[in-house]
Amino acid sequence: MFLDRFKSFKEYKTETTPCKIKLSSNELPFSLSKQLRDKIAKVIAKIPFERYPDPTYKELKEVLAHFYGVSSENITVGNGSDELIDILIKSVGDIKSPVMYPIPTFPMYQVSADIINRPKVEFLLDENFQLDKQNLEEAISQKPQLAFFASPNNPTGNSFDKELIKYTASKNIFTVIDEAYINFSDKESFLKEALEPDNNIVVIRTLSKIGLAGIRLGVLIADKKTVSIIDKIRTPFNITYPTVEITKIVLTEGRKEIEEKINIVKQERKRVLNKLKTINSVKVFSSDANFYLIKVKDVNMVHKKLIEKGILTRNMSHLPNMENCLRVSIGKPEENDAFIKALKEVVW
Ligand SMILES: Cc1ncc(COP(=O)(O)O)c(C=O)c1O
């Protein structure tokens, strides 16, 4: 009875069908080197598991600050950026005021708002998946106090016009730039703007897309005042001891390794998109992320047949303006080749 309002709740759904090749969750397809794993194993063995981790996450923040080139006072952490999104939706402005975001986009903005019944202003992207000025103006006119822009956007893969995002922030709207995929993009980040006080801009990042989805670490970068408040309202031990220790190793000793892997993904994206463009019945969208979107004639059939061939992708056709669209993560070179081969067999 008490939970009745969640009976028809639209929860976050992910692909779980077991498949040999997984190109459905935008993870980095490469695992950590043996050298890093061995180092991690040694450090993990020494963790005092009976103790809580440091609730201020001082050392963790210092490592993250160095990694992102900011001061540790500009950083706070979440159990994945999902948790940071949830904290922001619960705490920024009057929770009776709407939260705005373009659609299609990352579903957690909607999910977190729905959990607390916060009103939403969803506005459509244009046919090229860019921000539409008129739709944006209409959304702003409904007096939201919080806005989310995933740039590069998931599931479309493109980045948004920086000026339109800044314009939103200038309308006295707390504006969150979700840069989960920025490491794969050559476009400018909002990091610099996020550090400035009183310009209503904060950035969220995640380690999930650069090789550490399993440890769940999200990062919020903002001016010191904002960070100190978010630090007060997050739960005190939201990041586990192992996550702290693994991050410290991977972002220091493993930094070069991660950067190399990101570069391979970027090269693979170029190679794969060029190959896909030669398939007549497939429309390929450009991407700044570690995944791309394609449009086929019958996405339900293609998605199902790919699963039969052991390849898991993400069917996006339930979303607005995404009819017959399939989202595909960049995998290892051999996985990408297997996908292209299978797709050709399925669409021809
Ligand atoms: C745009 C965007 N933001 C945030 C996330 C969630 O990241 P995390 O794994 O850090 O919760 C995702 C995951 O797919 C995403 O696409």
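## A strand covered on both sides

Let's start with strand β2, which spans residues 75-78 and is covered on both of its faces. Ile75 and Val77 sit on one side, Thr76 and Gly78 sit on the other, and all of them are buried. That pattern fits a general rule: in a regular strand, side chains alternate between the two faces of the sheet. Keep in mind as you look around that this is a predicted model.

Who does β2 pair with? Its partner is strand β8 (residues 218-221), and the two run antiparallel, joined over four bridges. To find one of these spots, look for isoleucine 75: its bridge partner in β8 is isoleucine 221. In general, strands of a sheet pair through backbone hydrogen bonds, in either a parallel or an antiparallel way.

## Around the ligand

Now look for the ligand, which has 13 residues surrounding it. The closest are Gly80, Asp82, Asn154, Thr206 and Ser208. Sorted by class, the shell holds seven polar, four nonpolar and two charged residues.

Which helix gives the most to this shell? That's α3, covering residues 80-91, with three residues.

## A helix with a buried face

Helix α4 runs through residues 108-115, and four of its residues are buried: Met108, Tyr109, Ser112 and Ala113. Why do we say that they line one face of the helix? Looking down the axis of α4, the buried residues fall within an arc of 130°, so they line one face.

And what covers them? The cover includes helix α3 along with three strands: β3 (99-103), β4 (120-124) and β5 (146-150). Just past the end of α4, have a look at asparagine 117, which takes a positive phi of about 60°.

## Two domains that touch

The protein is split into two domains. Domain 1 is made of residues 12-31 plus 255-347, while domain 2 covers 48-250. Their centres, taken over C-alpha atoms, are 25 Å apart. Where the domains meet, 25 residues of domain 1 are in contact with 25 residues of domain 2.

On the domain 1 side of this meeting place, the elements giving two or more residues are α10 (255-276) and β10 (291-295). The largest share comes from α10, with five residues. By class, this side of domain 1 has 15 nonpolar residues, plus five polar and five charged ones.

## An open sheet

Next up is an open sheet of four strands. Going across, the order is β9-β10-β13-β12, and the pairing is antiparallel. Which strands are at the edges? They are β9 (283-284) and β12 (314-315), each of which pairs on one side only.

Zoom in on the β12 end: two bridges join β12 to β13 (residues 325-329), and these strands run antiparallel. Here you can spot arginine 314 standing opposite arginine 327 in β13.

## One serine in a loop

Finally, find serine 185 in the loop between β6 (174-178) and α7 (191-195). Is it buried, exposed or partly exposed? Serine 185 has 19 C-beta neighbours inside 10 Å, and a buried residue needs 20 or more, so serine 185 counts as partly exposed.

Leaving aside neighbours within four places in sequence, serine 185 is in contact with Pro152, Ser159, Asp288 and Ala289. You can also compare serine 185 with glutamate 268: they are 83 residues apart in sequence and 13 Å apart in space, C-alpha to C-alpha.

Key. Residues numbered from 1 in each chain as written. Predicted model: local features only at pLDDT ≥ 70, side-chain atom pairs only at ≥ 80, totals over all residues. Near = placed C-beta within 6 Å. Nonpolar A, V, L, I, M, F, W, Y, C, P; charged D, E, K, R; others polar. Buried ≥ 20, exposed ≤ 12 C-beta atoms within 10 Å, placed from the backbone. Arc of directions from axis to C-beta. Contact = placed C-beta atoms within 7 Å. Domains from an automatic or database assignment. Pairing = 2+ DSSP bridges.
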